[in-house]
Amino acid sequence: MISALYQRIDCSIYRHIYIVGDLHGCLSLLEEKLAKVAFDPHRDLLLSVGDLADRGPDSVGCLKLLNESWFTCVRGNHEQMAIDAIHEENISRWLRNGGDWFYALDQEQQEQAKALILQADKLPHILELTTRAGRHIVVAHADYPSGEYVFGKPMDGYEVIWNRDRVNYALAGRFQSITGADEFYFGHTPVESVMQFANQFYIDTGAVFGGYLTLRQLQ
């Protein structure tokens, strides 16, 4: 179903809403960031641009965030690679991109991790929210591959989680706004610092590659 690609967040029930860049197993960095802003799991919400696992020290710990009521996430390409691999599809691609942690687990740990990965298969590709201040925000992992945002618009899920054409054009100086929302937040492509092109923000600041983890308040 096309609608399964999209999910709306009700901002009215939260005090603060934050968004975080690609975690890639860097749970301790996230915990430090949340402590600094006095994140309240009973009143606040954390959004993720996806890529919870792979490459970093605690993939399982980051995937366990999917069980937390104060956390929500869009599907990243690393979630998709893990989902494919546990269905015996393209295992080698996941291994080339940091999935080796899964195969180093014992059988019981693998079963626990597999259950978390299956939960990730329920993640939307696109989150939409309107803050109390009236900012209409869209979150996706890599791109919203259209010049106009419409909730429920048919979209190629593969392009949403993998496409780098837009950011590559932007880095070359060619960019324009996506209509239909005020701001778009993406991860996927590591940048040295948060980059904004028109109304698009790229917030994967390469935590797992020796950069830093970006946490930004949206509400």
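1. Which strand holds isoleucine 126? Isoleucine 126 sits in strand β5, residues 126-130. Strands here are DSSP E runs of at least two residues, helices are H or I runs of at least four, and both are numbered from the N terminus. This is a predicted model, in which local features need pLDDT of at least 70 and side-chain atom pairs count only at pLDDT 80 or more, while totals for chains, interfaces and linings use all residues. Residues are numbered from 1 along each chain as its sequence is written, and side-chain values use heavy atoms, with hydrogens and water left out.

2. Is isoleucine 126 buried or exposed? Isoleucine 126 counts as buried because its relative accessibility is 0%. Buried means under 20% relative accessible area, exposed over 50%, and partly exposed in between, with a 1.4 Å probe and protein chains only. Beyond four places in sequence, isoleucine 126 contacts Leu5, Tyr6, Gln7, Val74, Val138, Val139, Ala140, Tyr144, Tyr149, Met155 and Val160. Contact means heavy atoms within 4.5 Å. Valine 74 is 52 residues from isoleucine 126 in sequence, yet the C-alpha atoms are 6.1 Å apart.

3. Now strand β3, residues 45-48. Both of its faces are covered. Leu45 and Leu47 are buried on one side, Leu46 and Ser48 on the other. Strand β2 (residues 17-20) pairs with β3 in the parallel sense, over four bridges. Two strands pair if DSSP finds at least two bridges between them. Isoleucine 17 has leucine 45 of β3 as its bridge partner.

4. Helix α1 (residues 27-36) joins β2 and β3 in a right-handed β-α-β unit. Right-handed means that, with the strands pointing away from the viewer, the path from the first strand over the helix to the second runs clockwise.

5. β3 also pairs with β4 (residues 71-73), again in the parallel sense, over three bridges. Leucine 46 stands opposite phenylalanine 71 of β4. Threonine 72 lies in β4 too. Threonine 72 counts as buried because its relative accessibility is 14%. Among its contacts beyond four places in sequence are Leu45, Leu46, Leu47 and Ser48, as well as Leu127.

6. Helix α3 deserves a look. Of its 10 residues, 10 are buried. They include Asn77, Glu79, Gln80 and Asp84. The buried residues of α3 pack against α4 (91-96), α5 (100-103), α6 and α7 (157-162). Glutamate 88 follows α3 and has a positive phi, near 65°.

7. Asparagine 77 belongs to α3. Asparagine 77 counts as buried because its relative accessibility is 4%. Asparagine 77 touches Asp51, His141, Ile161, Trp162 and His188, leaving out residues up to four places away in sequence. Glutamate 148 is 71 residues away from asparagine 77 in sequence and 23 Å away, C-alpha to C-alpha.

8. How many cavities of 30 Å³ or more does a search of the whole structure find? The search finds one. The largest cavity holds about 50 Å³ of space. A cavity is a set of points, on a 1 Å grid over the protein atoms alone, where a 1.4 Å probe fits but cannot get out; lining residues have an atom within 4 Å of a point. Grid points are joined across faces, edges and corners, and a volume is the space filled by probe spheres set on the points.

9. The lining of the largest cavity includes His78, Glu79, Ala82, Trp94, Trp101 and Ile117. Two elements, α3 (77-86) and α6 (107-120), give two or more residues to this lining. α3 gives the most, with three.

Methods. 1 Å grid on protein atoms, 1.4 Å probe; cavity = no way out; pocket = protein on both sides within 12 Å on 5 of 7 lines; lining within 4 Å.
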